[in-house]
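Biologist: I have a protein model open on my screen and I would like to learn how to read it. Could we go through it together, step by step?

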Amino acid sequence: MAIPEDPADFLADFGVSVTQGATTGLGILDMPGEYIADGRVITNEYVLRAETSKFGGVGYGDSITVDSDAYTVREAPLLLDDGVFCLILLTRN
């Protein structure tokens with residue numbers, strides 16, 4: 001039996017405002033941290049965790065505003081687990 005949950009409920013406590021085009025929602029911004037692949041540090045990036053249904057369509061070079069600060073999307077979102085949430089790598093403008 002599936003439990004109907006609103007993904008926004010998971011972002012309510014720590015989420016900040018996210019706007020991309022006409023879409024607004026909440027997201028959790030992780031300030032510069034290490035993006036690690038195969039045990040190696042690739043780069044230090046801003047990472048935004050957001051709802052895939054709202055922000056899963058962003059792409060490389062898109063502008064996005066997080067907590068009133070402008071960022072640029074570095075690559076297509078990475079889906080997490082069941083795809084309800086995604087990670088978006090950002091560069092601060």
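Modeller: Happy to help; below, we take the model one question at a time.

Biologist: Before we look at details, what kind of model is this, and in what pattern do its helices and strands follow each other along the sequence?

Modeller: This is a predicted model. Its protein has 2 helices and 7 strands. Reading along the sequence, you meet them in the pattern α-β-β-β-α-β-β-β-β.

Biologist: What percentage of the residues in the protein is buried?

Modeller: A residue counts as buried when its relative accessible area is under 20%. The protein has 93 residues, and the buried share of them is 29%.

Biologist: Which elements give two or more residues to the largest nonpolar core?

Modeller: That core holds 14 residues, and L29, L48, I64, V66, Y71, I88 and L90 are those with the most contacts inside it. As background, nonpolar side chains in soluble globular proteins tend to be buried together. The elements giving two or more residues to this core are β3 (40-51), β4 (63-66), β5 (69-73) and β7 (85-92).

Biologist: Let me zoom in on V66. Which residues is V66 in contact with, leaving aside its neighbours within four places in sequence?

Modeller: V66 is among the core residues with the most contacts inside the core. For a contact, heavy atoms must lie within 4.5 Å. With the neighbours within four places set aside, the partners of V66 are V16, S17, V18, L29, L48, Y71 and L90.

Biologist: Now E51: is E51 buried or exposed?

Modeller: E51 sits in strand β3. Beyond its neighbours within four places in sequence, E51 is in contact with P7, A8, L11, G56, V84, F85 and C86. Its relative accessible area is 6%. Under 20% counts as buried, so E51 is buried.

Biologist: How are the rings of F10 and F85 arranged as a pair?

Modeller: The count of aromatic pairs in this model comes to 2. In the F10 and F85 pair, the ring centres are 6.3 Å apart and the planes stand at 90°. Planes over 60 degrees apart count as edge-to-face, so the F10 and F85 pair is edge-to-face.

Biologist: How many residues apart in sequence are the parts that this pair ties together?

Modeller: F10 lies in helix α1 (residues 7-11), while F85 lies in strand β7. At 48% relative accessibility F10 is partly exposed, whereas F85 is buried at 17%. Because the two rings sit in these two elements, the pair ties together parts that are 75 residues apart.

Biologist: And Y46 with Y71: which strands does that pair link?

Modeller: The rings of Y46 and Y71 form an edge-to-face pair, with 5.3 Å from centre to centre and 65° between the planes. Both Y46 and Y71 are buried. They are 25 residues apart, and the pair links strands β3 and β5.

Biologist: Which residue in the turn between β4 and β5 has a positive phi?

Modeller: β4 and β5 run antiparallel and are joined by 4 bridges. One bridge partner pair is S63 with T72 in β5. The two strands form a hairpin with 2 residues between them, and the turn residue with a positive phi, about 50°, is D67.

Biologist: One last stop: which residue in β7 is the bridge partner of Y71?

Modeller: β5 pairs with β7 in the antiparallel sense, over 3 bridges. We met Y71 above as a buried residue. In β7, the bridge partner of Y71 is R92.

Notes:
Residues are numbered from 1 along each chain as its sequence is written. This is a predicted model: local features need pLDDT of at least 70, side-chain atom pairs count only at pLDDT 80 or more; totals for chains, interfaces and linings use all residues. Side-chain values use heavy atoms; hydrogens and water are left out. Buried means under 20% relative accessible area, exposed over 50%, partly exposed in between (1.4 Å probe, protein chains only). A nonpolar core is a set of buried Ala, Val, Leu, Ile, Met, Phe, Trp, Tyr and Cys residues joined through side-chain atoms within 4.5 Å. Rings of Phe, Tyr and Trp (its six-membered ring) pair if their centres lie within 6.5 Å; planes under 30 degrees apart count as stacked, over 60 as edge-to-face and the rest as tilted. Two strands pair if DSSP finds at least two bridges between them.
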